[in-house]
Amino acid sequence: MIESVVSINALVPPQETQLANQRYLKKLERMLVDLDPSVLDAEQEGLSKKLEQVMPYLQVEPFKVEEVPSWILWQLKPVPESNTEGWMTYIYPKTTLWDGRELLKFADEVDEIEVDGTTYHSAGAAVLMAQVASYVLNDGRLLTGLAAGLIFVILLLSFQRFSAAVFSVLPLVAGLVWMLGLMTIFDYHLNFMNVVVFPVVFGYGISAGIHVYSRYVESGSVMLAVRRTGAAVAASSLTTLVGWGALFVSSHRGLISMGMLACLGIASSLLVSLTVLPALLEVMGGRGDGPGTKVSTESSSELESAPVDARRAS
């Protein structure tokens, strides 16, 4: 999980290591000095010039920390307010800040490092993002479950029938399943930024199911519910999709993932509300002992126009 480590020891190796490197460089220098440029053909003339440029680097001497430029040492020293002595070590992960699982593994690996009996704690953007991701993922599961349970209880209290609550929540549940499946197909993953979109998907998914089912209960006609209320639900959802789709042009990957998650969830719930839910209502029914009587599309249209005719007659 660790890509590289940068510390003062990487910039200023121990004296023994520097002396060993110096002996190797001296040996390499003698070999290059003994090289006769006349043996090089025309194609290797550029190599001769490069060797001249390399020679000064082979004559370096061991150096100490004090000889390192101050602008480099400043990056490795703790801030004065910390009142901490020593040097900082930078540990770079192989993964990115957007891969939540890998980032959590990296944070667990470098969170506490013990050296000679002393425990050091890491800090930085990667560790901070891992902590935020951990809080969001843990609390997100809990709050998502509580929200789903509360929504179903409210539906039970509103419709006072278990079957009605199931029909109303169907677009939300099926839409979430489709959304997660499409995310897998398009290789999108949940992260600590796009997980906040779940309440939005919950709101639009459940509202679409409630509106379509309520109209069906009132009219008794699936076709009327889809034709009248379905059009309004579709228009509302499409305008919302346009708003979330605007995030696709963002240069921020987190905003793009939020837009993708919201569009997939809302579109999936809308599609289920206008296809799967009406089909199940037509086959299985779902009104029970609710108000109204199931009638044909033509008679429903007549019932819809009856109040208007009565007002005109009056």
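**Exercise 1.** Is Gly 203 buried, partly exposed or exposed?

*Solution.* Start with the model. It is predicted, so local features need pLDDT of at least 70, side-chain atom pairs count only at pLDDT 80 or more, and totals for chains, interfaces and linings use all residues. Residues are numbered from 1 along each chain as its sequence is written, and side-chain values use heavy atoms, without hydrogens and water.

Step 1: recall the classes. Buried means under 20% relative accessible area, exposed means over 50%, and partly exposed lies in between (1.4 Å probe, protein chains only).
Step 2: take the value. Gly 203 has 36% relative accessibility, so Gly 203 counts as partly exposed.
Step 3: place the residue. Gly 203 belongs to helix 8 (residues 198-219). Helices are DSSP runs of H or I with at least four residues, strands are runs of E with at least two, and both are numbered from the N terminus.
Step 4: look across the fold. Leu 172 is 31 residues from Gly 203 in sequence, and their C-alpha atoms are 8.7 Å apart.

**Exercise 2.** Sort Phe 106 and Gln 131 by exposure, and place each one.

*Solution.* Step 1: Phe 106 sits in helix 5. Its relative accessible area is 2%, so Phe 106 is buried.
Step 2: Gln 131 sits in helix 6. Its relative accessible area is 38%, so Gln 131 is partly exposed.
Step 3: add a distance for each. From Phe 106 to Tyr 92, 14 residues along the chain, the C-alpha separation is 9.4 Å. From Gln 131 to Asp 108, 23 residues along the chain, the C-alpha separation is 9.9 Å.

**Exercise 3.** Which sign does the phi of Gln 160 have?

*Solution.* Step 1: know the general case. Most residues other than glycine have a negative phi.
Step 2: check the residue. Gln 160 is not a glycine, yet its phi is positive, about 60°.
Step 3: locate Gln 160. It lies in the loop between helix 6 and helix 7. At 68% relative accessibility, Gln 160 is exposed.

**Exercise 4.** Describe the largest pocket.

*Solution.* Step 1: give the space. The largest pocket holds about 940 Å³.
Step 2: find the centre. The lining has 29 residues, and the closest to the centre are Met 88, Thr 89, Tyr 90, His 121 and Ser 122.
Step 3: define the pocket. On a 1 Å grid over the protein atoms alone, it is an open set of points where a 1.4 Å probe fits, with protein on both sides within 12 Å along at least five of seven lines; lining residues have an atom within 4 Å of a point.
Step 4: name the sources. Strand 2 gives the most, with 4 residues. Elements that supply at least two residues each include helix 5 (100-110) and helix 6 (125-159).
Step 5: sort the lining. It divides into 19 nonpolar, 9 polar and 1 charged.

Terms used:
Grid points are joined across faces, edges and corners, and a volume is the space filled by probe spheres set on the points. Ala, Val, Leu, Ile, Met, Phe, Trp, Tyr, Cys and Pro count as nonpolar, Asp, Glu, Lys and Arg as charged, and the others, Gly among them, as polar.
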